[in-house]
Amino acid sequence: MTLNDLRIMIANLTPWRPGKLAKDTLSMTSGMGLRTISQAVVFLILARILGVEAYGAYTAILALAITFGGLVGFGASSIMLRDTARNAELFTESWGRTLSALLLTAPIFLIVYFILSWAILPRQVGWSVIFCIGIAEILLSPLTIAVIEAYQGHERIG
């Protein structure tokens, strides 16, 4: 490769303008990067405030809730994303199936989460903490993911 070839390659790059895919990828990457940074800040603050034992209990509650939250809906939102990306006219039907799956499975997993929390977590953990984390991770997080995937299926992630 000569110096002239390199100049031609660079000259061919300058008229390039990012398309919708590149802009949406940048938008998602930026959002996920900010989320990671904010989670790190929250981790550091909570670890300092709560101390070793209380932070361990918080982590146990969060791990249990996140485990069940990942199962809520059994992947119906990903199927909605697939169907909507292929044919936008299928969105209303897919969205209805996704909401139905979320509404049917979330209460069941919440009940199992509360029973397991009562059985295995330390007694000094407050029920208000268990309740709030359970609602956030088992009910609201899967719903948020479904909404994000609905926008993603319509190519409006930005």
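## Contact and cover

Contact means that heavy atoms lie within 4.5 Å of each other. With that in hand, look at helix α3. The cover over its buried residues includes α4 and α5. The buried residues themselves are A76, S77, M80, L81, D83 and T84. Keep in mind that this is a predicted model.

## Helix α5: length and bend

Helix α5 runs over residues 127-153. How far apart are its end C-alpha atoms? They are 38 Å apart. The 27 residues, at 1.5 Å a residue, should span 39 Å, so the two values agree.

The helix still has a bend. At L140, α5 turns by about 40°. A proline, P142, follows within four residues. P142 is also one of the buried residues of α5.

## Helix α5: buried side and exit

Which residues of α5 are buried? They are I130, I133, G134, I138, P142, A146, E149, A150 and G153. Three helices are among the elements that cover them: α2 (20-69), α3 (76-86) and α4 (91-120).

Several of these positions sit three or four places apart, such as I130, I133 and G134. An α-helix has 3.6 residues a turn, so residues three or four places apart point the same way.

Just after the helix comes E155. Its phi is positive, at about 55°.

## How α3 meets α5

Two packed helices are described by the angle between their axes and the distance between the axes. For α3 and α5, the angle is about 10° and the axes are 8 Å apart. Angles under 35 degrees count as roughly parallel. The two helices are therefore roughly parallel to each other.

Which residues make the contact? From α3 come S77, S78, M80, L81, T84 and A85. From α5 come I145, A146, E149, A150, Q152 and G153. Sorted by class, the contact has six nonpolar, five polar and one charged residues.

Some names now return. S77, M80, L81 and T84 are among the buried residues of α3. On the other helix, A146, E149, A150 and G153 are among the buried residues of α5.

## Helix α2: a kinked helix

Now turn to α2. It has 50 residues, and a straight helix of that length would span 74 Å at 1.5 Å a residue. Yet α2 spans only 31 Å between its end C-alpha atoms. Where is the kink in α2 centred? The centre is G51, and the kink is about 120°.

The buried residues of α2 are D24, Y55, A57, I61, L64, A65, F68 and G69. Their cover includes α4 and α5.

T25 is found in α2 as well. T25 is partly exposed, because its relative accessible area is 42%. Its C-alpha atom is separated from that of I135 by 30 Å. Along the chain, T25 and I135 are 110 residues apart.

## Helix α4: one buried residue, one exposed

S117 is in helix α4. Is S117 buried or exposed? Its relative accessibility is 2%, so S117 counts as buried. Leaving aside neighbours within four places in sequence, S117 is in contact with L64, W127 and I130. L64 is a buried residue of α2, and I130 is a buried residue of α5.

I111 is in α4 too. I111 has a relative accessible area of 52%, so it is exposed. In sequence, I111 and Q39 are 72 residues apart. In space, they are 27 Å apart, C-alpha to C-alpha.

## Two loop residues

F74 is in the loop between α2 and α3. Its phi is positive, about 50°, although F74 is not a glycine. F74 is exposed, because its relative accessible area is 60%.

Q124 is in the loop between α4 and α5. Q124 is exposed, with a relative accessible area of 65%. How far apart are the C-alpha atoms of Q124 and R156? They are separated by 45 Å, and the two residues are 32 residues apart along the chain.

Terms used: Residues numbered from 1 in each chain as written. Predicted model: local features only at pLDDT ≥ 70, side-chain atom pairs only at ≥ 80, totals over all residues. Heavy atoms only, no water. Expected span 1.5 Å × (residues − 1). Bend = angle between axes of the 7 residues up to and from the residue. Buried < 20%, exposed > 50% of the residue type's maximum accessible area, 1.4 Å probe, protein only. Axes fitted to C-alpha atoms, helices over the stretch in contact; angles between N-to-C directions. Parallel < 35°, antiparallel > 145°, perpendicular 65-115°, else oblique. Nonpolar A, V, L, I, M, F, W, Y, C, P; charged D, E, K, R; others polar.
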